[in-house]
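Below is a short report on one protein chain, written for a reader who has not met it before. Please look over the sequence and the structure first.

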Amino acid sequence: MENVEQLSTQQLSDLCLKTAYLLVNGGAETYRVEDTVERIGRSLGSNVKCYVTVTAIFVEINSENYKFLKSRLGGTNLQMIDEINTMSRQLAEKKIYVEDFTAHIEHLYKYKRTADFPFWLKAIGAGFVSMAPMLLFEMPLYYFIYCFFVGIIGYSISYYLATLSMLPYADLFISGFVIAILAIAMKDLHIITQYHTIIIGAIMPLVPGVAITNAIRELVMRHALSSMVKFLDSLLVASSIGFGIATALIVF
């Protein structure tokens with residue numbers, strides 16, 4: 001399949017910036033973002049150089065067009081990363097037209113998300129993730145059930161507050177606080193004897209495991225700046241959850 005239309009330098013720089021922005025916002029490692037953008041440039045017959053941090057994207061096209069775009073840390077959207085990477089490889093292999101690729105990137109950039117799973121499915125998934133530590137602690141069956149529901153409640157609070165609150169990390173603080181209160185209440189009602197296992201399990205969907213893994217990968221690939229920023233963000237996320245739990249334990 002041949003691309004029936006080649007982009008102008010201006011259009012290509014815009015396409016590269018938007019692609020990089022989406023990948024950074026989806027939590028992709030910066031060296032992968034640079035590789036993907038430069039691959040898109042080669043696929044379209046241009047020499048593209050890309051430099052990415054988690055807060056800025058720089059693109060140079062054929063040593064004659066330079067552009068800059070501010071970005072910021074987003075959440076983790078592995079589906080978006082996979083979708084863009086797959087399309088960029090199909091473009092390199094000439095399996096899709098450049099106008100189809102451009103239209104899809106424009107659509108993603110406009111709505112800032114891919115086709116999402118329904119909330120109820122993600123909440124149930126969070127419940128199952130919360131149950132996993134009970135296997136490690138070898139807890140009885142009823143602990144799995146309680147942890148399943150507390151995990152769903154904690155995830156739901158974080159999910160909705162993140163869309164309502166302008167304060168980053170506030171949703172995680174409140175979620176940790178509510179999870180700890182529920183666990184303490186079950187112990188006070190003599191439903192369980194070890195409330196800390198419920199807390200450990202229920203916060204699992206909120207822990208930034210993917211972000212920490214990406215930060216380590218960035219450090220190994222010698223992208224120290226992006227690695228440090230992601231480490232600091234992960235530390236703030238973990239601290240917000242921890243302070244929420246500690247506040248509940250102190251108050252109740």
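Is S226 buried or exposed? The model shown is a predicted one, and in it S226 is buried, because its relative accessible area is 2% and buried means under 20%.

## Surroundings of S226

S226 belongs to helix α10, which covers residues 224-251. When neighbours within four places in sequence are left aside, the contacts of S226 are T30, V52, T53, V54 and E218. One of these contacts, V52, falls within strand β1, which covers 48-52.

A215 stands 11 residues from S226 in sequence. In space, the C-alpha atoms of A215 and S226 are 7.4 Å apart.

## The chain as a whole

The chain contains 10 helices and three strands. Read from the N terminus, the order of elements is α-α-β-β-β-α-α-α-α-α-α-α-α. Two helices therefore come before the three strands, and the remaining elements are helices.

The C-alpha trace spans about 70 × 35 × 35 Å along its principal axes. The chain has 252 residues, and 42% of them count as buried. Its exposed area is about 13500 Å², of which carbon and sulfur atoms supply 64%. Among contacts with a separation of 6 or more, 67% are between residues 24 or more positions apart.

## The sheet and helix α1

The three strands make an open sheet with the order β1-β2-β3 and antiparallel pairing. At the edges are β1 (48-52) and β3 (65-70), each of which pairs on one side only. On average, neighbouring strands of the sheet are turned by 15° against each other, direction ignored. In general, strands of a sheet pair through backbone hydrogen bonds, in either a parallel or an antiparallel way.

Strand β2 covers residues 56-61 and is joined to β1 by five bridges, the two strands running antiparallel. For C50, the bridge partner in β2 is V59. Helix α1, made of residues 9-25, lies across β1, β2 and β3. The helix runs at about 30° to β3.

## Salt bridges

Side chains of opposite charge can pair when their charged atoms come close. This structure holds seven salt bridges. One of them is between the side chains of R217 and E29, with an N to O distance of 2.8 Å. This pair links distant parts of the chain: R217 is in helix α9 (residues 209-220), while E29 is in the loop between α1 and α2 (30-43), and the two are 188 residues apart. R217 is partly exposed because its relative accessible area is 33%, whereas E29 counts as buried at 7% relative accessibility.

A second salt bridge joins R39 and D35, whose closest N and O atoms are 3.0 Å apart. Both residues lie in helix α2, four residues apart, or about one turn of the helix. R39 counts as buried, with 10% relative accessibility. D35 is partly exposed, with a relative accessible area of 37%. K95 and E93 form another salt bridge, their closest N and O atoms being 3.1 Å apart. K95 is exposed, because its relative accessible area of 53% is over 50%. Salt bridges that share partners also join E29, R32 and R217 into one network.

## A nonpolar patch on the surface

Which residues make the nonpolar surface patch? They are V129, L136, F137, I200, M204 and V207, and the patch they make has an area of about 490 Å². Helix α5, residues 119-137, gives the most to the patch, with three residues.

F137 is located in helix α5. At 33% relative accessibility, F137 counts as partly exposed. F137 can therefore be part of a patch, since patch residues need over 30% relative accessible area.

Technical notes
Residues are numbered from 1 along each chain as its sequence is written. This is a predicted model: local features need pLDDT of at least 70, side-chain atom pairs count only at pLDDT 80 or more; totals for chains, interfaces and linings use all residues. Side-chain values use heavy atoms; hydrogens and water are left out. Patches are made of residues with over 30% relative accessible area and no salt bridge: like charges are joined within 9 Å, nonpolar side chains (Val, Leu, Ile, Met, Phe, Trp, Tyr) within 5 Å. Accessible areas come from the Shrake-Rupley method with a 1.4 Å probe; for residues, only the protein chains shown count as cover. A salt bridge is a side-chain nitrogen of Lys or Arg within 4 Å of a carboxyl oxygen of Asp or Glu. Buried means under 20% relative accessible area, exposed over 50%, partly exposed in between (1.4 Å probe, protein chains only). Two strands pair if DSSP finds at least two bridges between them. Axes are lines fitted to C-alpha atoms, for helices over the stretch in contact, and angles run from 0 to 180 degrees between N-to-C directions. Contact means heavy atoms within 4.5 Å.
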